[in-house]
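Here are a few exercises to work through with the model open in your viewer. Try each task on your own before reading its solution.

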Amino acid sequence: MAGRLAAAGAVLALTASCSGGASSTGSASGTPTPTPTPAAPVTAVINQLRDNYSRQIIAVQLTNNTAGPLTVLSAAVASPLFSGTIEWQQAPAGIELPPGQTKILPAQLRAPECGIRTAPADSGAAVELRFAPSSHSAPATTAPATTVPATTVPATTVPATAVPATTVPAADPYGVLERNNAEMCLAQAAAGVAVLRLEPELEVSAGAQSAVLTVAITPRDAPGAMTPGSAGTLTINRIDGTTLLEEDPNVPWPRSVPVHAGDPGQKFRLGIRPARCDPHAIAEDKVGTLLPLRVSVGGREGILKIDAGALLRGRIYDFVTTACGRQ
């Protein structure tokens, strides 16, 4: 009898153990097992290509997580850092996202919001997407379905506004929106005090090992309305080098230069020499002719980048090529 009771107990213990392991609602300790969250049909990430820094164009990276292709008809980014929506200027037929692949949609930034913030800088960014109704595995939306039959009408004949919208959060892991907002607000404040530009002429030395750039500063007649509460003063704290250019110690760059609205215009000579001479210096250059000025204006501090422009850019490239060739 004792042997039979021991065997029965072993069977019951084994049964309880198997029953607990097969349960989908919890673990042996009684803690519920979380249900995996399915991947969103489309994920969005904000980025920016280096050659679009000076043009304030961002890259909206969309990844198709479904098993079939999706056709994006429109995409618009909404962020509290910018007024209005940042829209991708799409082709009439949209763009196809193959399954499991990522594509970049360029979008021009709108005017920055430079007032006092009441929310974190990275909060609330999202992308509103509209998909062609004929897209395979198109994400479901809660909006009413379009009245245009997807099986009989090509996607190219359906306007984006006639298709329900799907909104997905937009990740910004590199702080692209925050950086552009800070740079654009700083440039807006500086423009209320003075216009800063690089003159197109480049003065190259006799030995072609150095050259001189000229920064022209034209103050406004009075502080602009874009800098409320400021005294109409801008300070150039210092000038940084670029990936292509560095300071020539024989013609040093100025520091702590005050600029006041209403003052006469002034010019500064900047001695330059190549910062690098490897074969890829010019071939891969994206920002080497954007001169970074560290400025303070209207309670803001940051880097104000002055674009050389097409004519001066070409002259700088010629100078760097010649100077590096003679070393």
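A pocket, as used here, is an open set of grid points with protein on both sides within 12 Å along at least five of seven lines. Please keep in mind that the model is predicted.

**Exercise 1. The largest pocket**

Task: find how much space lies in the largest pocket, and which elements give two or more residues to its lining.

Solution:
- Begin with the volume: the largest pocket holds about 330 Å³ of space.
- Next, look at the lining, where S54, Q56, A187, L304 and K305 are the closest to the centre among 13 residues.
- Now sort the lining by element: helix 2 and strand 17 are the ones that give two or more residues.
- Finally, strand 17 contributes the most, with five residues.

**Exercise 2. The sheet that holds strand 17**

Task: work out the order of the strands in the open sheet of four strands, and say which are the edge strands.

Solution:
- Trace the pairing across the sheet: the order is 14-12-16-17, and the pairing is antiparallel.
- Strand 14 (257-260) and strand 17 (300-307) each pair on one side only, which makes them the edge strands.
- From one strand to the next, the twist averages 35°.
- Move to the middle of the order: five bridges pair strand 12 (residues 233-239) with strand 16 (residues 290-297) in the antiparallel sense.
- For one example of that register, find I239, which stands opposite L293 in strand 16.
- Last, add the helix: helix 2 (residues 176-191) lies across strand 12, strand 16 and strand 17, and runs at about 85° to strand 17.

**Exercise 3. A covered strand**

Task: decide how many residues of strand 2 are buried, and name the bridge partners of V60 in strand 1 and of Q61 in strand 6.

Solution:
- Count first: strand 2 (residues 57-64) is mostly covered, with eight of its eight residues buried.
- Split the side chains by direction: I57, A59, Q61 and T63 point one way, while I58, V60, L62 and N64 point the other way, and all are buried.
- Check one neighbour: strand 1 (residues 42-47) runs antiparallel to strand 2 and is joined to it by six bridges. Here I46 has V60 as its bridge partner.
- Then check another: seven bridges join strand 2 to strand 6 (residues 102-108), again antiparallel. In this pairing Q61 stands opposite I104.

**Exercise 4. A glutamate in a loop**

Task: is E199 buried or exposed?

Solution:
- Locate the residue: E199 sits in the loop between strand 9 (194-198) and strand 10 (203-204).
- Apply the cut-off: buried means under 20% relative accessible area.
- E199 has 12% relative accessibility, so it counts as buried.
- Look for its contacts: leaving aside neighbours within four places in sequence, E199 touches T214, A216, K267 and L312.

**Exercise 5. Enclosed space and the whole chain**

Task: how many cavities of 30 Å³ or more are there, and which residues line the largest one?

Solution:
- The count comes to one cavity of 30 Å³ or more.
- The largest cavity has a volume of about 30 Å³.
- Its lining is made up of L198, L213, T242, L245, G288, T289, L291, A308 and I316.
- To close, step back to the protein: there are four helices and 17 strands, and 37% of the 327 residues count as buried.
- The accessible surface comes to about 17700 Å², and 56% of this belongs to carbon and sulfur atoms.

Notes:
Residues are numbered from 1 along each chain as its sequence is written. This is a predicted model: local features need pLDDT of at least 70, side-chain atom pairs count only at pLDDT 80 or more; totals for chains, interfaces and linings use all residues. Side-chain values use heavy atoms; hydrogens and water are left out. Two strands pair if DSSP finds at least two bridges between them. Axes are lines fitted to C-alpha atoms, for helices over the stretch in contact, and angles run from 0 to 180 degrees between N-to-C directions. Contact means heavy atoms within 4.5 Å. Buried means under 20% relative accessible area, exposed over 50%, partly exposed in between (1.4 Å probe, protein chains only). Accessible areas come from the Shrake-Rupley method with a 1.4 Å probe; for residues, only the protein chains shown count as cover. On a 1 Å grid over the protein atoms alone, a cavity is a set of points where a 1.4 Å probe fits but cannot get out, and a pocket is an open set with protein on both sides within 12 Å along at least five of seven lines; lining residues have an atom within 4 Å of a point. Grid points are joined across faces, edges and corners, and a volume is the space filled by probe spheres set on the points.
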